[in-house]
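Subject: A structure to look at

Hello,

Here is the structure I promised to pass on to you. Please open it next to this message, and then read on for what turned up in it.

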Amino acid sequence: MPARLLLALALLALPAAARDLPDLNGRAVTVVTENAYPPLQFIDASGHAVGWEYDAMAEIAKRLDLKVSYATAGWDEMIPAISEGRYDIGMTGITIREDRKEKVDFSDPYMRSEMVLMVRGDEDRFDDAASFAADRTLRMAAQPGTTPFYVGVYEMLDGDEHNPRIVLFDTFGASVQALLAGEADLVLTDATAGAGYVAGSEGKLKIVGEPVGTEEFGFIFPKGSDLVAPVNAALASMREDGTLEAIDRKWFLDFKMKQ
């Protein structure tokens, strides 16, 4: 069978969304991330940057013919850096919010997550959001400007962003270490990242109570970026053909079982 006919048949076998993807002809893009939010992105024991978002971005690059390089930045730098056009795409479990849309463009949601309460494994002073809020001796660790910070301030506590019960840290990993060290009593996190930390903690961490909110994650771009539509098309094709589900299974099931 002629090679051209074989190629045509292969293309017809693809889902419609995958067949219609734009070809960006090897365009170079720089993606910035924090590498501090397992299992979305983190540094593994071998020193390699890995995670759900890395796998998803690699697949997006393959489908669109992008050449991706990576840079790292702290959470507080992420949105300003993208807004100023220093990088092409940002990924670090960024919640889609209206106030952020004023500064950056978002992709379509690639994941929906619930906010949960992560505590030390031996915690017995509280078991839900209400009992945490009622005990004024208890403290929460958070990164300023993040969704967990705002949920803690406005949904669990008194709406005072300077409440001394919220202990601020530069990274999510540092807040978890503070929790383990007894410098804080609670870390709010999305359910997926929380499950990853709990699974790898050998009983030192656990989740208590009911979720206190939901959030949708998206990649971010400078305002007006022409990458938004192609990335959305790639995500749609990955959702349609089961690729996103396979990446979910790898990082939220198989990964936890290995811990």
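Let me begin with a sheet: three strands make an open sheet in the order β2-β3-β4, with antiparallel pairing. At its edges stand β2 and β4 (49-50), and since each has a single partner strand, one side of each is left without a neighbour in the sheet. As general background, strands of a sheet pair through backbone hydrogen bonds, and they can do so either parallel or antiparallel. Between β3 and β4, which run antiparallel, there are two bridges. If you would like a residue to click on here, try I43, which stands opposite A49 in β4.

Before going further, please keep in mind that this is a predicted model.

Now for the wider view. The protein has 11 helices along with 13 strands. It has 259 residues, and 49% of them count as buried. Looking at contacts in the protein with a separation of 6 or more, 77% come from residues 24 or more positions apart. The accessible surface of the protein comes to about 12500 Å², and carbon and sulfur atoms account for 51% of that.

A few spots in the backbone are worth a visit too. Start in the loop between β2 (36-37) and β3 (41-43), where P39 lies. The peptide bond that joins P38 and P39 is cis, with omega at about 0°. You will recognise the two strands around this loop from the sheet above, where β2 and β3 follow one another in the order.

Next come two asparagines. N25 lies in the loop between α2 (16-19) and β1 (27-33), and its phi is near 55°, a positive value in a residue other than glycine. N35 has a positive phi as well, about 60°, although N35 is not a glycine either. You will find N35 in the loop between β1 and β2.

Which of these two is buried and which is exposed? N25 has a relative accessibility of 62%, and because exposed means over 50%, N25 counts as exposed. N35 comes out at 14%, and because buried means under 20%, N35 counts as buried.

If you want a route through the model, you could go from N25 in its loop before β1 to N35 in the loop between β1 and β2, then to P39 in the loop between β2 and β3, and finish at I43 opposite A49.

Enjoy looking around!

Best wishes

How values were computed
Residues are numbered from 1 along each chain as its sequence is written. This is a predicted model: local features need pLDDT of at least 70, side-chain atom pairs count only at pLDDT 80 or more; totals for chains, interfaces and linings use all residues. Side-chain values use heavy atoms; hydrogens and water are left out. Helices (H or I, at least four residues) and strands (E, at least two) are DSSP runs, numbered from the N terminus. Buried means under 20% relative accessible area, exposed over 50%, partly exposed in between (1.4 Å probe, protein chains only). Contact means heavy atoms within 4.5 Å. Accessible areas come from the Shrake-Rupley method with a 1.4 Å probe; for residues, only the protein chains shown count as cover. Two strands pair if DSSP finds at least two bridges between them.
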